[in-house]
Amino acid sequence: MSLYQTVQSFSKQRMLVVGDVMIDAYCWGKVERISPEAPVPVVAVEKWDHRLGGAANVALNGVALQAEVAVCSVVGQDKEGARCIALFEENKIQVDGLVQSSDRPTTIKTRVIAGGHHIVRIDEEVVVGLNPAEEENLLAAIRQKLDSFAPTVVVLEDYNKGVMTPRVIRQVIQWANEKGIPTTVDPKKDHFFEYEQCTLFKPNLKELREGLKRDIVASNQYSVQDAIMDLETQMNNAMTLLTLSEYGICMHSQDGFFHQGAHPRKVVDVSGAGDSVIAVASLALATGASQNAVATLSNLAGGLVCEKVGVVPITTEMLLSELK
């Protein structure tokens, strides 16, 4: 199957995203003066924009790539939780796997942008792990979606906001493995080694360095390959997809190592690049594509999104156009 055919086959896939969903809020304005109260710019607000972020942006990428998408997560019983659900429904993402909690707020990240510059980010969140009741409710929702939705791939998206507890991680991977469903992981350092026996593990270079507690030279293939082998010894995962920023991407599976350099890009904003990479990698894996195809398409997606301002999902049209 060609790369073109692989992308076209995304529309036949069903992606279940489990992880930390959030709202990305953008405050757009202009700066014309400095505050008399402190040496800081005064932003005159022109408009607000609210988008799906975190694991929700991975789901949004799946929809943009024409896959059928469902999400399982925990949001608050608050205004932003309601906004999150409304945005999911607006984007045709199944929401019956969402659990609402009165004990934790919906995570919201507000970015203030003026004159094309990102001035400041404000985070409103609770990052402690789920309480036992929330954990039970989430696992029940996940089990139900695994049966009713019958996903062709399960994406575990960890943003260290408390949804991906060790119990949730281990149970989802076990259930998916029992059903023969591939699991893909976008990790963070807090639970880095909890994802044992997943199918595809996708850290970036910083995360791998922190996880293994060792220096890795991105420009040295032996340093990179040795680190990946060390990781897989501990994780017992089938595949590793390592993003290397300006050095491209490296993938390892039973077929060996595959490295592809970064494509020349005018990098504007790296926000959301990892979300696009894991979405494309997951759907490519679900189609049965080769590791070279998975890595190549993921590399294209990560580069494309870096040319856009803000968190922007990659569409099928964008990916196909880039392939041409």
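Trainee: Which residues of strand 9 lie on one side and which on the other, and are they buried or exposed?

Mentor: In a regular strand the side chains alternate between the two faces of the sheet. In this predicted model, strand 9 (residues 183–186) has Thr183 and Val185 on one side. Thr184 and Asp186 are on the other side, and all of these residues are buried, so both faces of the strand are covered.

Trainee: How many bridges join strand 8 to strand 9?

Mentor: Strands of a sheet pair through backbone hydrogen bonds, either parallel or antiparallel. Strand 8 and strand 9 run parallel and are joined by four bridges. One position to look at is Val154, whose bridge partner in strand 9 is Thr183.

Trainee: Which residues does Leu200 touch?

Mentor: Start with its place, which is strand 10 (residues 200–201). Leu200 has 0% relative accessibility and counts as buried, because the cut-off for buried is under 20%. Not counting residues up to four places away in sequence, Leu200 touches Thr183, Thr184 and Val185, among others. Its contacts also include Met239, Leu241, Met251, Ile278, Leu285 and Val294. As for His252, 52 residues apart from Leu200 along the chain, the two C-alpha atoms are separated by 9.5 Å.

Trainee: In what order do the four strands of the open sheet stand?

Mentor: The order is 3-2-6-7, with mixed pairing. Strand 3 (41–54) and strand 7 (117–124) are the edge strands, each pairing on one side only. On average, neighbouring strands of this sheet are turned by 20° against each other, direction ignored.

Trainee: What does mixed pairing look like here, strand by strand?

Mentor: Take strand 2 (residues 21–34) and strand 6 (residues 108–114): they run parallel, and seven bridges join them. Within this sheet, Tyr26 stands opposite Arg111 in strand 6. Strand 6 and strand 7, by contrast, pair in the antiparallel sense, over seven bridges. There, Ile108 stands opposite Glu124 in strand 7.

Trainee: How many residues lie between strand 6 and strand 7 in their hairpin?

Mentor: Two residues lie between them. Gly115, in the turn, has a positive phi of about 60°.

Trainee: Which strands does helix 3 lie across?

Mentor: Helix 3 (residues 79–90) lies across strand 2, strand 3 and strand 6. Relative to strand 3, the helix runs at about 60°.

Trainee: How should I read the packing of helix 4 and helix 5?

Mentor: Two packed helices are described by the angle between their axes and the distance between the axes. For helix 4 (residues 132–148) and helix 5 (residues 166–179), the axes come within 11 Å and cross at roughly 15°. The two helices are therefore roughly parallel, since angles under 35 degrees count as such. The crossing of helix 4 and helix 5 is right-handed.

Trainee: Which residues make that contact between helix 4 and helix 5?

Mentor: From helix 4 they are Glu135, Glu136, Leu138, Leu139, Ile142, Arg143, Leu146 and Asp147. Helix 5 supplies Arg167, Val168, Gln171, Val172, Trp175 and Lys179. By class, the residues of this contact divide into seven nonpolar, one polar and six charged.

Trainee: Where is Thr165, and is it buried or exposed?

Mentor: Thr165 is in the loop between strand 8 (153–157) and helix 5. With 7% relative accessibility, Thr165 counts as buried. Leaving aside neighbours within four places in sequence, Thr165 is in contact with Gly129, Leu130 and Glu135. Glu135 is also one of the helix 4 residues in the contact with helix 5.

Trainee: At what angle do helix 2 and helix 8 pack?

Mentor: Helix 2 (residues 55–64) and helix 8 (residues 273–286) pack at about 50°, with axes 9 Å apart. That angle makes them oblique to each other, and their crossing is right-handed. Asn57, Val58, Asn61 and Gly62 of helix 2 meet Asp275, Ser276, Ile278, Ala279 and Leu283 of helix 8. This contact has four nonpolar, four polar and one charged residues. Ile278 is also among the residues that Leu200 touches.

Trainee: Which residues is Gln291 in contact with?

Mentor: Gln291 belongs to helix 9 (residues 291–305) and is buried, with a relative accessible area of 5%. Beyond its neighbours within four places in sequence, Gln291 is in contact with Met251, His252, Ser253, Asp255, Gly256, Phe257 and Phe258. Ala281 is ten residues apart from Gln291 along the chain, and their C-alpha atoms are separated by 9.4 Å.

Notes. Residues numbered from 1 in each chain as written. Predicted model: local features only at pLDDT ≥ 70, side-chain atom pairs only at ≥ 80, totals over all residues. Heavy atoms only, no water. Pairing = 2+ DSSP bridges. Axes fitted to C-alpha atoms, helices over the stretch in contact; angles between N-to-C directions. Contact = heavy atoms within 4.5 Å. Buried < 20%, exposed > 50% of the residue type's maximum accessible area, 1.4 Å probe, protein only. Parallel < 35°, antiparallel > 145°, perpendicular 65-115°, else oblique. Left-handed = near helix turned anticlockwise from the far one by under 90°. Nonpolar A, V, L, I, M, F, W, Y, C, P; charged D, E, K, R; others polar.
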